[in-house]
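I opened the notebook to record what I looked up in this model, chain by chain and element by element. The entries are kept short, and each term is explained where I first use it.

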Amino acid sequence: MSKVNELFNQSLKVTNVGLETFYQTVVEQNVSAVHVEWRPVAGGNARLAALLAKLNTIEIEEANKKAFDTMNNAEPVLTDIKFAYEVIEGMDKYTIGHAGPPLAWDDMCGPLQGAILGAIMYEGLSNSLEESEELVKSGKIKFRNNHSMGAVGPMTGMVTYSMPLWEVTNTSYGNKAYCAFNEGLGKVMRFGANGHEVIERLKWLETSLGPAMKKALAVSGPISLKVIVAKALAMGDEMHQRNTGASSLFVREIMKYLVQVVEDKAELLKITEFVTGNDQFFLNIAMATGKAICDPVKNIPNSTVVTTLSRNGTNFGIKISALGDQWFEAPVNQPKGLYFPGYSEEDANPDIGDSAIVETFGIGGFAMGSAPAVVRFVGASSVDEAIAYSKEMQDICVGLSPHFVIPTMNFVGTATAIDVRKVVETGSTPVINTGMAHKKPGIGQVGAGIVRAPLDCFIKSLEAFGDKYSQ
Amino acid sequence: MIHNIIKHNAYFDSVTLMLFSSKLGGISGVQEAAVMMGTDHNIELMKSSGILTEELASKVSANDLVIGIKAVSQEVIDLAIKTLDEQFENKNKSSDDSSKIKVKTIDAAVKKMDGLNFAIVSLPGRFAAAETMKCLKNGMHVLLFSDNITIDEENELKDYAVENNLLMMGPDCGTAIINGVALGFANVVRKGNIGLVAASGTGLQELTVIIDKLGGGISQALGTGGRDLKKDIGGKMMLLALDALANDPETQVIGIVSKPPAKEVMVKILDKVKTIAKPVVACFLGGDPSLVEGTDTIATETIEEAAKQLVKLSKGELTTDLQLYSEEELNGLVESEVSKLQGQKYLRGLYTGGTLAYEGMLILDAKVGDIYSNIAMNKEFGLKDVEVSLENTVLDMGDDYFTDGMPHPMIEPKLRSERIKKEASDPETAVILLDCVLGYGSHEDPAGAVSAAVQQAKELQSNRHVTYIASVCGTEKDPQVLSDQVEKLKNAGIIVLPTNAQAAQLAARILERL
């Protein structure tokens, strides 16, 4: 039978592209229908539309499926605490790892410069911010982007020689990823603060909490992070803005080992207060988890899946699978959100941090539907709006996670493996939940909100991919 | 001036409270405001912002809600407190939008719903072809409503569709009924054994509606788009649709409505009809009947005539002729209208449906000749300024000139209403001829809009009588309900006839007497 005659014997299932009245018309007649809220491909840019048409191939589809599977097959486990000097190649006291794509000192924003000046003091290379700045100006300080060192860091993302780092191992592929400890809220180095108490706290992390955690993990053995992330999604976390459930789960897991390995009761109390007193304690572990999940996705030939989303406060940088470690950058956007008393949008620094690695594997802003409590950071007030963000992200991803599901969305998986083609096609860019630093160095956090990745870096990556693909 | 409120053991999450704080901060006259849980960190923040006194600070615990407002006056503080109370009481309204299934791309739609087999595309022309091809490649049959598609694009789409045996209705296809579902602009009509294919939207609507009024029913009603029968396209979709109807066991009789095809296309169609074992009735509007003479195809001049032939073939007999008025009554009507006119001479036909306008123009041209129009067949009678009617004028108000940047008059009747008033105030206007298209896709109350316009127009006629004649293209089952719509027109003093052809014929009879 011809296809037209087959149609005459089927129930109509309609997609409507364009005027919504035609959608309503068929729905009124009890016909199943999907409405496409269509926008011009690539914002009506004919050159990009043509490029996208050219890149609509089975070869790329298959490569992206492989990238998606690689993400889903990851088995991230927390294995150890290592000092940066132990595991980062070429690390010395004069090397400072920072968030985002590489950039020169003069191009750095206030908080990033502030954090670096503090980090130099923390490493004992100077006794004052002025001395630190002289060292920077002398050219002795080497800046490296964290991603190039196998590490990630939230906000300014300082990773230096003496810092203890969480080590997450992806046992499916054998790769490891690192992230420093979360310092808590308020005046902290990740928000660019660099005062005495900031450096004191970092020293304590290095000498007390870090070693204690290392010993505890030696007793506990590897801890499955996939399980914690999945459970926390069911507890209302999206693990970027909100880590309340994940932090609690982790503390519940680790406490019985910590009490075995810390002899001094007073110190044990201090450690307990610290790890139980910070809702965002798990964030840094979630970030190392993201890095461990995303790194094996790199260098899959013909794949347009995003393997890195990261910001240095000046530029937003992304990497895509087929193009390995090449950065594609565009100026960062200003987050929108809510401010602590005494602060306003004028005080906030533009978007910064490696923390968008969690969005890269489908949680954070992508899982906002599971964390209705955080949607109000955008000034909206309904759970539907949180769910709408998670649904929108489905449009730019290869598929849905089989492991990480959103209870409030009937247990649908989180959108996973961002396809650059779909981002450019729809103009819908990844949504990222984020903290906001004061734009001046040394002050710290002023609020929290959400931010969109800028479209331009996705366009640049697609163009570079197109050039390579056509050769 | 600083005001503090402490609510003991009242927990709110910090996001809610930051939202409240920002609401308070937005009140003019408030210098600083914070609503926070009384943790040590927050208390420090509030103290350093100067909105919490040392004395109060010592009294709060982490489980207390602390409010601090610094403002220029007591009035502002009172307003802030009132605002805050409203915020606490405010229950968030959640709009349940889950019944609507919406996505952003065709790929996402395909993933969203298994087995999509049909697409309606109504995007701006320059984007529509590419998206239509995506639908076809996903195995969907397509109704392409958009216009401004190039000939090359149309050929590319139709070639792909023909190769893959898919319907590619359009571009510029407004109407189809498939498996009883009205798509685009279409009426709710009885199911039956008459299969239709049309190169025009309102032509197909009028045909399905008259068939329904005559007691017949529709198996499938397919569109091809207005250009399909031109030489450049070669009738690709017409031929595919005829094959489909020929092979459809539900279809016993086949009807075609279109403007006359190009010669070489006509040959192809007639050859195709020869291969079909079912009777075929064709209405090539304005075409020379000799074109189909000596073939198996039954030719008719009007859509009404085509409907009658089809129903006769479908049921073996015709039980109604749709004549609302006897010949005598019609004569009486003509006499009465002519006697009320005071030296006015001309007709103004103001149509929302393109094919209805074309049919009306043909009928009038045959009877009284020299009809000016924006869709004139003879260039001599093309209107130079569409805004100004000349002598006898018929306008298709759904034509590009009127729809540029405006919704189609079948959806938004305002433009036609304005034109009705304009023509009524012209002292030369004797007859205003109108259509009123019902069905899915159309305005919710087109007759109501026409009636309102006619009532306003009568005030502009300064004691002159103008004859208003209309037909309604619709059925009782249409959302607007035929009888309700007819009633509204009659109440406004409009003569209503059951078909466009009859309306145009009555208008012609009046004109012949002027």
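These are my entries, beginning with how the model is to be read.

Entry 1, conventions. I am working from a predicted model, in which local features need pLDDT of at least 70 and side-chain atom pairs count only at pLDDT 80 or more, while totals for chains, interfaces and linings use all residues. Residues are numbered from 1 along each chain as its sequence is written, and chains are lettered from A and ligands numbered from 1 in the order in which they are written.

Entry 2, chain B as a whole. I found 18 helices and 20 strands in chain B, where helices (H or I, at least four residues) and strands (E, at least two) are DSSP runs numbered from the N terminus. Of the 514 residues in chain B, 51% are buried, a residue being buried if 20 or more other C-beta atoms lie within 10 Å of its own, exposed if 12 or fewer, and partly exposed in between, with C-beta atoms placed from the backbone. Among the contacts in chain B with a separation of 6 or more, 69% come from residues 24 or more positions apart; two residues are in contact if their C-beta atoms, placed from the backbone, lie within 7 Å.

Entry 3, where the chains meet. I noted that 59 residues of chain B are in contact with 47 residues of chain A. On the chain B side, helix H1 (residues 14-25) gives the most, with 6 residues. That side divides into 30 nonpolar, 20 polar and 9 charged residues, with Ala, Val, Leu, Ile, Met, Phe, Trp, Tyr, Cys and Pro counted as nonpolar, Asp, Glu, Lys and Arg as charged, and the others, Gly among them, as polar.

Entry 4, a sheet with strands from both chains. I traced an open sheet of 6 strands in the order S4(B)-S2(A)-S1(A)-S5(B)-S6(B)-S7(B), with parallel pairing; two strands pair if DSSP finds at least two bridges between them. Strand S4 (102-103) and strand S7 (168-169) of chain B are at the edges, each with a single partner strand, so one side of each has no neighbour in the sheet. Strand S1 (residues 13-17) of chain A runs parallel to strand S5 (residues 118-121) of chain B, joined by 4 bridges, and A:Thr15 has B:Ala119 as its bridge partner. Strand S6 (residues 141-144) of chain B pairs with S7(B) over 2 bridges, with B:Val142 partnered by B:Met168.

Entry 5, a sheet in chain A. I read the order S13-S12-S11-S15 for an open sheet of 4 strands with antiparallel pairing, its edge strands being S13 (328-331) and S15 (352-353). Strand S12 (residues 315-320) and S13(A) share 4 bridges, and A:Phe316 stands opposite A:Ala330.

Entry 6, two helices of chain B. I checked how helix H16 (residues 446-460) lies against helix H17 (residues 482-491), and their axes come within 8 Å and cross at roughly 5 degrees. That angle makes H16(B) roughly parallel to H17(B), because angles under 35 degrees count as roughly parallel, over 145 as roughly antiparallel, 65 to 115 as roughly perpendicular and the rest as oblique. Axes are lines fitted to C-alpha atoms, for helices over the stretch in contact, and angles run from 0 to 180 degrees between N-to-C directions. By class, this contact has 3 nonpolar, 4 polar and 1 charged residues.
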